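Biologist: Could you take me closely through the largest pocket of this model, and then place that pocket within the rest of the protein? I would like one connected account rather than a list.

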Amino acid sequence: MTTITTLQNLSLSQVGPFFPLEAEAIGVELKMIGFIISLNPIFYIIASLTMGSRLQKIGRKSAFNLGLTLILLQLLILGLLSKIVSVFWFTALGVVAQSMGGFGAGCNTTVCFSMITTCFPNDK
């Protein structure tokens, strides 16, 4: 669980150095770049708040798989953004990717902490 949490946070940190440079080269405004990057933590918080109450209905394994899938899709889309030359599509796909990645990371973190507290109830 620690490894997966670390890897999802590493995937988020990969966006920082490269995304603004790619976006600026295409012509995306700096305000929009900041907005796109800020979507990841916003959706992380939304997922953390909503997944806690829905975890019993969905199940930990399903929520964890959903989170991993969303993070992988985020990384795939962000990797392909360098091939896009349209400002509109670059921005739209950046918004979608960052939103999915943030929601997926929030799902995974919620599941990991839920599993830790269940497996080690005396060490909370």
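Modeller: The lining of the largest pocket divides by class into seven nonpolar residues, three polar ones and one charged one. This is a predicted model, and every value that follows is computed from it. The residues that line the pocket are Q14, V15, F18, F19, E22, L75, L78, G79, L81, S82 and F90, and the space they border comes to about 240 Å³. Two helices, α2 (15-26) and α4 (60-80), each give two or more residues to this lining, and α2 gives the most, with four residues.

Several names from that lining return when one turns to the largest nonpolar core, which has 15 residues. Among the residues with the most contacts inside this core are F19, L78, L81 and F90, and these four also line the largest pocket. The others singled out for their contacts in the core are A23, V28 and I33. The helices α2, α3, α4 and α5 each supply at least two residues of the core, and the largest share, four residues, comes from α2. Helix α2 therefore leads in both places, since it gives four residues to the core and four to the lining of the pocket, as far as a count by helix can show under the DSSP assignment of helices.

An enclosed space is found as well, for the count comes to one cavity of 30 Å³ or more, and the largest cavity holds about 30 Å³ of space. The residues lining this cavity are Q8, S11, L12, N40, I71, Q74, G101 and A105. Helices α1 (2-13), α4 and α5 each give two or more residues to that lining, with the largest share, three residues, coming from α1. By class, the cavity lining has three nonpolar and five polar residues and no charged ones, whereas the pocket lining has seven nonpolar, three polar and one charged. Helix α4 gives two or more residues to the lining of the pocket and also two or more to the lining of the cavity.

Helix α5, which takes part in both the core and the cavity lining, runs over residues 87-119 and has 33 residues. From its first C-alpha to its last it reaches 47 Å, close to the 48 Å expected at 1.5 Å a residue. At its N-terminal end S86 acts as a cap, with a side-chain oxygen lying 3.4 Å from the backbone nitrogen of F88. Further along, G104 is found in α5, and G104 counts as buried because its relative accessible area is 0%. The C-alpha atoms of G104 and N40 are 9.5 Å apart in space, although the two residues are 64 apart in sequence; N40 is one of the residues lining the cavity.

A contrasting position is K57, in helix α3 (residues 30-58), which counts as exposed because its relative accessibility is 75%. K57 and S13 are 44 residues apart in sequence, and their C-alpha atoms lie 31 Å apart in space.

As for the setting as a whole, the protein comes to five helices and zero strands, following the pattern α-α-α-α-α along the sequence. Its C-alpha trace spans about 55 × 25 × 20 Å along the principal axes, and buried residues make up 35% of the 124 residues.

How values were computed
Residues are numbered from 1 along each chain as its sequence is written. This is a predicted model: local features need pLDDT of at least 70, side-chain atom pairs count only at pLDDT 80 or more; totals for chains, interfaces and linings use all residues. Side-chain values use heavy atoms; hydrogens and water are left out. The expected span of a helix is 1.5 Å times one less than its number of residues. A polar contact is a pair of N or O atoms within 3.5 Å; within protein, one must be able to donate a hydrogen and the other to accept it, and residues adjacent in sequence count only if both atoms are side-chain atoms. Buried means under 20% relative accessible area, exposed over 50%, partly exposed in between (1.4 Å probe, protein chains only). On a 1 Å grid over the protein atoms alone, a cavity is a set of points where a 1.4 Å probe fits but cannot get out, and a pocket is an open set with protein on both sides within 12 Å along at least five of seven lines; lining residues have an atom within 4 Å of a point. Grid points are joined across faces, edges and corners, and a volume is the space filled by probe spheres set on the points. Ala, Val, Leu, Ile, Met, Phe, Trp, Tyr, Cys and Pro count as nonpolar, Asp, Glu, Lys and Arg as charged, and the others, Gly among them, as polar. A nonpolar core is a set of buried Ala, Val, Leu, Ile, Met, Phe, Trp, Tyr and Cys residues joined through side-chain atoms within 4.5 Å.
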